[in-house]
Amino acid sequence: MRRREFITFAGAAAALPFVASAQPKNIPRLGVLLYSQSDPQMGAVRRGLNELGYVEGRNIVIEYRYAEGRLDRLPILAGQLVGLQPNVILAIGGDVSPIAKKVVEKIPLVFVSSADPEQLGLVESLRRPGGNATGVTLLQDVLASKRLELLKEAAPKISKVAFLWNPDHRDNEERTAQLASQALDLQLHLVEVRSTDDFDSAFRAANDAGSDSIYVVTSRQTRLNIKRIVQFATANRIPLAGGFGDWAKEGGLFSYGPDAIAMSSRAANYIDKIFKGANPADLPVEQPSKFELIINLTTAKALGLTIPYSLLSRADQLIE
């Protein structure tokens, strides 16, 4: 061996122990299934993991799969993650989680869902999941009546509400809203959006029904199209009621619901516990205990609405 080759070989050999020690053995692996790459809730999960000491690429490996707004891609992407054999798979969204559950049979599954985990078949019960899945639910259905009450209080002259929803997003929100609308003397017109291609026809249906307001059921699909939906409400000068804070911040009249970002970060705790040996069957599903009312006063002014003080005083945030 020539001297130059020997020096190169010796230097590389000396570096090997350092390289090996830089990559911990049995580093935990997380698979992530998302409706879109821009999902803000994943950022919250990453921050939660960082707070628990996990640094991507150093002591945790994260494999991502994005459906880019196409539900039909989710089963294939979930199968790809299963093939990688991660320690845990994370699914974010009431649209995404049930598809992941069908594909992920043995690997622990952590979910963040705005729909009902029991109705979706994700768990046997919230207190005792009983299978390979657990996580966080935002339980939107119980808030439907409250949102309609707030909408009627903010805009007392409304009578016809376009209820924008995806029937495949299984929860009790539509049924609860139907009962509440009768008590509030409101006509609820159901407008379905099963895919991104359905929005134009949904907006036409809302206009044909003479809708003077719109209630949006929050899901991965509607959040991905939030600007488009708010633009429809703005162009038609109708008040929009939505869940989470995004709707009011983007220009809707108000939003009422849990802090989705804060709740999503809680999923990191489940991932950490399962990494350390906990069984998802024994980890109760976490539910929100705090709900935020955010009112966009700029939008109210543009709509010619005077929000009563009784409503303003209950708001957690006013956007001007």
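Contact here means heavy atoms within 4.5 Å. The structure is a predicted model. The protein has 320 residues, of which buried residues make up 50%, and it contains 14 helices and 12 strands. This briefing covers the overall build, two helices with a buried side, the aromatic pairs, and several individual residues.

**Overall build**

- Taken along the principal axes, the box filled by the C-alpha atoms is roughly 90 × 45 × 40 Å.
- Of the contacts between residues at least 6 apart in sequence, 70% join residues at least 24 apart.
- The accessible surface amounts to about 15300 Å², and carbon and sulfur atoms account for 50% of that surface.
- Positive side chains number 37 and negative side chains 35, with 7 Å between the centres of the two sets.

**Helix α6 and the residue after it**

- Helix α6 spans residues 173-183, and its buried residues are E173, E174, A177, A180 and S181.
- These residues lie on the same side of α6, because they cover an arc of only 125° around the axis.
- The other side of α6 carries the exposed residues R175, L179, Q182 and A183.
- The buried residues of α6 pack against two elements that are given here with their ranges, α5 (144-154) and β6 (160-165), and also against β7 (187-192) and β8 (213-216).
- D185 comes just after α6 and takes a positive phi of about 60°, although D185 is a residue other than glycine.
- D185 belongs to the loop between α6 and β7, and its relative accessible area of 65% makes D185 exposed.

**Helix α9 and the residue after it**

- In helix α9 (residues 226-235), the buried residues are I226, I229, V230, F232 and A233.
- Their arc around the axis is only 155°, so they sit on the same side of α9.
- Exposed residues K227, Q231, T234 and A235 are found on the face of α9 turned away from its buried side.
- The cover over the buried residues of α9 includes the helices α7 (199-208), α8 (220-224) and α10 (246-249), as well as the strands β6, β8 and β9 (240-242).
- β6 and β8 are also among the elements against which the buried residues of α6 pack.
- R237 follows α9 and has a positive phi, near 50°.

**Aromatic pairs**

- The structure holds 7 aromatic pairs.
- One of them joins Y256 and F291, a tilted pair with 6.3 Å centre to centre and 40° between the planes.
- This pair links distant parts of the chain, since Y256 is in strand β10 (residues 254-257) and F291 is in the loop between α12 (267-275) and β11 (292-296), 35 residues apart.
- Y256 counts as buried, because its relative accessibility is 14% and the cut-off for buried is under 20%.
- F291, at 27% relative accessibility, counts as partly exposed.
- One aromatic cluster is formed by F163, W165 and Y215.

**Strand β4 and the loop that follows**

- S113 lies in strand β4, which covers residues 109-113.
- With a relative accessibility of 0%, S113 counts as buried.
- Apart from neighbours within four places in sequence, S113 is in contact with G93, G94, S97, L120, V136, T137, L138 and L139.
- D116 is located in the loop between β4 and β5 (133-137).
- D116 also counts as buried, at 12% relative accessibility.
- D116 and D171 are 55 residues apart in sequence, whereas their C-alpha atoms are 5.3 Å apart in space.

**A further positive phi**

- Q85 is not a glycine, yet its phi is positive at about 55°.
- The position of Q85 is in the loop between α3 (74-84) and β3 (88-92).
- Q85 counts as exposed, because its relative accessibility is 55% and the cut-off for exposed is over 50%.

Notes. Residues numbered from 1 in each chain as written. Predicted model: local features only at pLDDT ≥ 70, side-chain atom pairs only at ≥ 80, totals over all residues. Heavy atoms only, no water. Helix = DSSP H or I, 4+ residues; strand = E, 2+ residues; numbered from the N terminus. Buried < 20%, exposed > 50% of the residue type's maximum accessible area, 1.4 Å probe, protein only. Areas by Shrake-Rupley, 256 points an atom, 1.4 Å probe, with all protein chains shown as cover. Lys, Arg positive; Asp, Glu negative; His and termini not counted. Charge placed at Lys NZ, Arg CZ, Asp CG, Glu CD. Phe/Tyr/Trp six-rings, centres within 6.5 Å; stacked < 30°, edge-to-face > 60°. Arc of directions from axis to C-beta.
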